[in-house]
Amino acid sequence: MLLKKKLTIYLINYINLYILMIMRKLLCLLSLLFCCLVVKAQDDDLKRNQLAVEAGVGGTGVTTVDLGVRWQMNFHPNVAWDVVTLKTLVAPDDFGGSIMPQVMTGLHLTYPKFAGMSAYFIGRAGYGYWIDKEAGAFCFEIGGGINVTKHIYVGYAFSHQKGSYDYTYYKKGSGGKYSGTLHTASADYKCDYHAFRIGYYF
């Protein structure tokens with residue numbers, strides 16, 4: 001009789017444990033299904049491709065402005081690829097001698113929304129060309145800011161480009177006169193641009 005009672009208690013405990021395990025697995029599956037539905041709902045509202053225009057003002061040692069356009073491909077509400085960014089830097093006081101177009105690609109991260117706004121961070125790299133000196137070089141840009149609305153964003157950006165260019169000159173002779181021989185040399189340059197930027201998503 002005692003053995004039968006023990007077996008009954010053991011069987012009841014085993015059944016309860018088995019039911020508990022089944023319920024836990026079912027709860028995990030329901031949670032996973034809920035997460036998938038939430039992500040799917042977000043993806044349904046997410047634009048896969050977006051175009052944006054940007055304008056910035058800052059300095060490289062002199063007042064400089066930049067204008068650009070970019071194509072963004074969204075993989076997730078918080079992760080996107082800046083497929084291509086085309087922009088140009090120029091110093092208004094030396095317009096003809098300072099034009100520097102750049103083409104870059106990179107990553108665009110967005111923090112989840114809070115109070116209708118969200119923070120964003122960018123990292124891009126590519127190639128820039130100083131037209132006046134006919135000098136191209138590697139360039140990169142990092143920055144961040146706030147998506148004020150779904151169309152307008154503002155923030156800070158730092159752009160860097162460093163390279164070298166060739167130039168020609170006439171060398172002075174021993175008598176102080178310039179020789180008729182044209183010489184070629186090279187010089188290094190560096191462009192560090194800090195800017196306040198505003199952009200608009202279409």
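This is a short tutorial dialogue on reading a predicted model.

Student: Where should I begin: how many helices and strands does the protein have?

Tutor: Begin with the element count, then look at the order. This is a predicted model, and its secondary structure comes to 2 helices and 8 strands. Along the sequence the pattern runs α-β-β-β-α-β-β-β-β-β.

Student: And how much of the protein is buried?

Tutor: Of the 202 residues, 29% are buried. To call a residue buried, we ask for under 20% relative accessible area.

Student: How do I read a nonpolar core, and which residues make up the largest one here?

Tutor: The general idea comes first. In soluble globular proteins, nonpolar side chains tend to be buried together. In this model, the largest nonpolar core has 11 residues: Leu-89, Met-100, Trp-130, Ala-135, Ala-137, Tyr-165, Ala-187, Tyr-189, Cys-191, Tyr-193 and Ala-195. Two elements, β6 and β8 (178-201), give two or more residues to this core. The most comes from β8, with 5 residues.

Student: Let us turn to charges. How many salt bridges does a search of the whole structure find?

Tutor: The search finds 10 salt bridges. For each one, check the N to O distance, where the partners sit, and how covered they are. The cut-off for a salt bridge is 4 Å between a side-chain nitrogen of Lys or Arg and a carboxyl oxygen of Asp or Glu.

Student: Could you work through one? What is the distance between the closest N and O atoms of Arg-70 and Glu-54?

Tutor: Those atoms are 3.0 Å apart, and the two residues form a salt bridge. Arg-70 lies in strand β2 (residues 63-76) and Glu-54 in strand β1 (residues 49-59), so the pair ties together parts 16 residues apart in sequence.

Student: Are these two partners buried or exposed?

Tutor: Arg-70 counts as buried because its relative accessibility is 2%. Glu-54 is buried too, at 7% relative accessibility.

Student: Which other side chain meets Glu-54 in a salt bridge?

Tutor: That is Arg-197, at 3.8 Å, N to O. This pair links distant parts of the chain, with Glu-54 in strand β1 and Arg-197 in strand β8, 143 residues apart. Arg-197 is buried, with a relative accessible area of 3%.

Student: What about Arg-124 and Asp-82?

Tutor: Their side chains meet in a salt bridge at 3.0 Å, N to O. Arg-124 is in strand β5 and Asp-82 in strand β3 (residues 79-90), so this pair ties together parts 42 residues apart in sequence. Both Arg-124 and Asp-82 are buried.

Student: Which residues do salt bridges with shared partners join into one network?

Tutor: The network takes in Glu-54, Asp-66, Arg-70, Asp-82, Lys-87, Arg-124, Glu-141 and Arg-197.

Student: Now for the surface. Which residues gather in a patch of negative charge?

Tutor: Look for Asp-93, Asp-94, Asp-132 and Glu-134. Of these, Glu-134 lies in the loop between β5 (118-130) and β6 (135-147). Glu-134 counts as exposed because its relative accessibility is 63%, and the cut-off for exposed is over 50%.

Student: One last residue: where is Pro-92 placed?

Tutor: Pro-92 is in the loop between β3 and α2 (95-98). At 46% relative accessibility, Pro-92 counts as partly exposed. Compare sequence with space here as well: Pro-92 and Val-65 are 27 residues apart in sequence, while their C-alpha atoms are 7.6 Å apart.

Technical notes. Residues are numbered from 1 along each chain as its sequence is written. This is a predicted model: local features need pLDDT of at least 70, side-chain atom pairs count only at pLDDT 80 or more; totals for chains, interfaces and linings use all residues. Side-chain values use heavy atoms; hydrogens and water are left out. Patches are made of residues with over 30% relative accessible area and no salt bridge: like charges are joined within 9 Å, nonpolar side chains (Val, Leu, Ile, Met, Phe, Trp, Tyr) within 5 Å. Accessible areas come from the Shrake-Rupley method with a 1.4 Å probe; for residues, only the protein chains shown count as cover. Lys and Arg count as positive and Asp and Glu as negative; His and the chain ends are not counted. The place of a charge is taken as NZ of Lys, CZ of Arg, CG of Asp or CD of Glu. Helices (H or I, at least four residues) and strands (E, at least two) are DSSP runs, numbered from the N terminus. Buried means under 20% relative accessible area, exposed over 50%, partly exposed in between (1.4 Å probe, protein chains only). A nonpolar core is a set of buried Ala, Val, Leu, Ile, Met, Phe, Trp, Tyr and Cys residues joined through side-chain atoms within 4.5 Å.
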